[in-house]
There are 2 protein chains.
Amino acid sequence: STVLDPLFLYIDEHQNEFVQRLGEWVAVKSDSSDQMLWGEIQRLLNMTANRIQEMGGQVEFADIGTQQLSNGESVALPPVILAQFERDPNKPTLCIYGHLDVQPAKKEDGWATDPYTLTELNGNLYGRGATDNKGPVLAWLHALETYKATKQEVPVNLKFVIEGMEEVGSDGLDELTRQRKESFFSDVDYIVISDNVWVSRRPALTYGTRGSSYFFVEVDGPKLDLHSGVFGGSVHEPMTDLIALLGSLLDHTGKILVPGINESVAPLTEEERELYKDIHFDLEEMKKPIGVKSFLQDNKEEILMARWRYPSLSIHGIEGAFSDKGSKTVIPRRVIGKFSLRQVPNMEPVVVERQVKEHLQAVFAKQKSPNNLKVTSSVGAKPWVANLNDPQYIAGRKAVKVVFGVEPELIREGSTIPIANNFQEVTGKSVMMLPIGGHDDGEHSQNEKISRYNFIQGTKLFAAFFYELSKLQKDP
Amino acid sequence: STVLDPLFLYIDEHQNEFVQRLGEWVAVKSDSSDQMLWGEIQRLLNMTANRIQEMGGQVEFADIGTQQLSNGESVALPPVILAQFERDPNKPTLCIYGHLDVQPAKKEDGWATDPYTLTELNGNLYGRGATDNKGPVLAWLHALETYKATKQEVPVNLKFVIEGMEEVGSDGLDELTRQRKESFFSDVDYIVISDNVWVSRRPALTYGTRGSSYFFVEVDGPKLDLHSGVFGGSVHEPMTDLIALLGSLLDHTGKILVPGINESVAPLTEEERELYKDIHFDLEEMKKPIGVKSFLQDNKEEILMARWRYPSLSIHGIEGAFSDKGSKTVIPRRVIGKFSLRQVPNMEPVVVERQVKEHLQAVFAKQKSPNNLKVTSSVGAKPWVANLNDPQYIAGRKAVKVVFGVEPELIREGSTIPIANNFQEVTGKSVMMLPIGGHDDGEHSQNEKISRYNFIQGTKLFAAFFYELSKLQKDP
Ligand SMILES: [Zn+2]
Ligand SMILES: [Zn+2]
Ligand SMILES: [Zn+2]
Ligand SMILES: [Zn+2]
């Protein structure tokens, strides 16, 4: 089209600049799990704000309060960027959400390259945050830059919500959304999020995410670590208790054994089952990048449903036990097992929390242990499902067709983006997820990457999405 | 007595020097679990050798070979000190064993004081290695120094075997003993080890130790860590498998569930049962220092038997899972569970190893997991039991009576000192364990200590033991 062609040309011609800027962003160690690195998050927020201001936007750093540290001190959370541009009442208003913080990453975790040095190999751009979520946030900014640089009118009113605490649960953002419901969000028509990935080589639109709660199961007993030779066999070891507790959570088929959990899952309709048939998903191709020999389920539909519309429970590790290399013979005095539970409609995080706690307490009672059990949980994000007939989904499908020449797959997402449900619940606006990352990007893993192809075509997709959304408004 | 009185006076008058020297030793970070610190072990071996040489001894640094690192490199193990003094054929020959290496210790593990700065508080000397085993090794040297300084003839021929790799399994020492059986060890009459603690406020002689094997249960699956949101519910998670494996090892009563283990334990004789009745062991007093509300057994005898003459299994931790503070939602690709199994007569480490592996393989087969299981084990020290009627036990009892005014408790030791069994098996000599550490010393724990009282009275005990052993030789 005469509108999109010059935009796409600009994007192709400036792709090396775009990649270079991604390198600058990846180099910022914005790991939100480490409070010592919150200054880096602020630095990247500043870089982003400057970029938006250079393009004519107004930026507010919205305060989202403080976090209580374990030592009792309070520290200010990194603020949230709320940005907007001059408003044209004849254009639809699109609010883009993204986050600048990343998961922890250390070279010695098994990265082939330095996680904070963007490295291009065989068309892939490796680095922590490349796909989650720095690449997509930059692609939105580059799509806007492209309109400005080619002197075309931006066809939508744009707003940005960019945070720095997503990977640790987006504390404070929900409250901020609530506070700004009648101001910043009042004239928003659509909220779009690009913080997930495709499930195959085909582009996708995402209409649902799982919720998540994180559980800490603490067993503490002796007042100090004990020598297993001296005391082994005579004391109730916290680790023995904890292993029994963790072992009671799920069976070898992945089935969650906490009573009440499976019963609260929304029943599968025939219409919903049909959606799964169209997803391109090659079992062998999905096994390869993650290196597993088989899945818990036998066929495509069941695997996808297990990831998207059924709950799952993963045990992540134990704090306080011996975790280094080698062979220490200690009896740890206090251990904290950690697991998360991905939730789906119609599970309620508050109810799930109670079910898990009651279950663990019942198992612990059978242990007849004099140790202390403490179960706490955090996050508790709710699952989210959207309406596929909403205008922005139609615009998204058209934009995908224009850029990639195929219809997008209509998918759900197993991982949790609390903001999708929060935005929808609080603002009542239409929310869509429009991923540009590849299915094998390895977000949260070693060797996270985004391909140059996805990063650049994704930028075009976003530029086209602005256009299709405005066209739909004028000529629905 | 006219012999012992001046010795005891000297020890009392020089106690501050002795404590100061212990401080110098504790300050050496001789943590054998960390290969980077082996140089510190060598430094302490040198300090010890100098001290022995100053007192007229001949020191050999015996080579015990190399260790293969995980990267394929070989590094030389710290050598073993073999020391001897001019020999008088009319005196019995006593060989003293000790070790200079320590368990890992970091202030942030929960130490109230810096673990490598000996700190005296309320009569206790806190520091890593204070009781295990630097304090006792120094007490032997100070006992010898006392004879020399007071110009009394040392009534026994002394030899020393002092190593630097005990805490990681005394690799190479067994082989060295075998090699020197017909030379260094040929004229040894008695081997004495002071590397354990009393079980009450009363001094003790120790006639048995448990053996130990350390097991590594590795489950590996995906080729990289996975996002639990994306993949949770569809993959066989290595942690789920590992938790099931670890959970199959023992029940909540501490009973080991590996078939064959309990059946191989030597039956309890009436005579042996009688020995337990005399042990002073106050349940409440034993609970306090370790801060437990109850033990797995209800009465003194059963608790002691559980620690000394029955096997036990302790799960120490997991390598490869998330172990930091906070909440990471990773599915670890490869996890290694670690546990140790304390062994007693008539268990055979080789048989135990097979039983454990077969058990774990059987449990894993039921998991129907596509992941890989690898079970490896190390150390495999054998349990040890001595003859209580041996002359050095009689001398030991007399020395205790002289210094402390009470009969020693005849005890066994739950923890593993592989060298006790190895010395007895290889050399065929009488082996005794003569502890000077207090029951609440916390070896291998945070806030390890030896009391000034035990350190100084222990030095007297060793001096008296030389004397009683020689008297027994002359006048049995
Ligand atoms: Zn993200
Ligand atoms: Zn993420
Ligand atoms: Zn020791
Ligand atoms: Zn030790």
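In what order do the three strands of the open sheet in chain B stand? The order is S6-S7-S20, and the pairing is antiparallel. The model described here is predicted. Strand S6 (119-121) and strand S20 (449-451) of chain B stand at the edges. Each has a single partner strand, so one side of each is left without a neighbour in the sheet. From one strand to the next, the twist averages 25°.

Within this sheet, strand S7 (residues 124-126) of chain B pairs with S20(B). Three bridges make up the antiparallel pairing. B:Asn124 stands opposite B:Ser451 in S20(B).

Chain A also holds an open sheet of three strands, in the order S6-S7-S20. Its pairing is antiparallel. The edge strands of chain A are strand S6 (119-121) and strand S20 (449-451), each pairing on one side only. Here the twist from one strand to the next averages 25°. S6(A) is joined to strand S7 (residues 124-126) of chain A by three bridges, and the two strands run antiparallel. Across this pairing, A:Glu120 has A:Leu125 in S7(A) as its bridge partner.

The two chains were then compared. Chain B superposes on chain A after a rotation of 180°, with 0.0 Å of shift along the axis. The RMSD is 0.1 Å. The two copies are thus related as by a two-fold rotation axis. Of the interface residues of chain B, 100% are also interface residues in chain A, so the copies meet through the same surface.

A metal site was examined in chain B. The protein donors of the zinc ion (ligand 3) are B:His99 (NE2), B:Asp132 (OD), B:Asp195 (OD) and B:Asp195 (OD). These donors lie 1.9 to 2.5 Å from the ion. Along the chain, their spacing follows H-x32-D-x62-D. The angles among the four donor atoms of the zinc ion (ligand 3) run from 55 to 145°, and the site is irregular. A tetrahedral site would need all angles between 85 and 135 degrees.

The zinc ion (ligand 3) has a second zinc ion (ligand 4) 3.2 Å away, and B:Asp132 coordinates both. B:His99 lies in strand S5 (residues 93-99) of chain B, whereas B:Asp132 lies in helix H4 (residues 130-149) of chain B. The pair therefore ties together parts that are 33 residues apart in sequence. Burial was assessed for both residues. B:His99 has 0% relative accessibility and so counts as buried. B:Asp132 is buried as well, because its relative accessible area is 7%, and buried means under 20%.

Conventions: Residues are numbered from 1 along each chain as its sequence is written. Chains are lettered from A and ligands numbered from 1 in the order in which they are written. This is a predicted model: local features need pLDDT of at least 70, side-chain atom pairs count only at pLDDT 80 or more; totals for chains, interfaces and linings use all residues. Side-chain values use heavy atoms; hydrogens and water are left out. Two strands pair if DSSP finds at least two bridges between them. Helices (H or I, at least four residues) and strands (E, at least two) are DSSP runs, numbered from the N terminus. Axes are lines fitted to C-alpha atoms, for helices over the stretch in contact, and angles run from 0 to 180 degrees between N-to-C directions. Donors are N, O and S atoms within 2.8 Å of the metal (3.2 Å for Na, K and Ca); water is not among the atoms, so sites may look incomplete. Four donors count as tetrahedral if all angles lie between 85 and 135 degrees; four count as square planar and six as octahedral if opposite donors are over 155 degrees apart and all others between 65 and 115; anything else is irregular. Buried means under 20% relative accessible area, exposed over 50%, partly exposed in between (1.4 Å probe, protein chains only). Copies are superposed by least squares on the C-alpha atoms of residues with pLDDT of at least 70 in both. Contact means heavy atoms within 4.5 Å.
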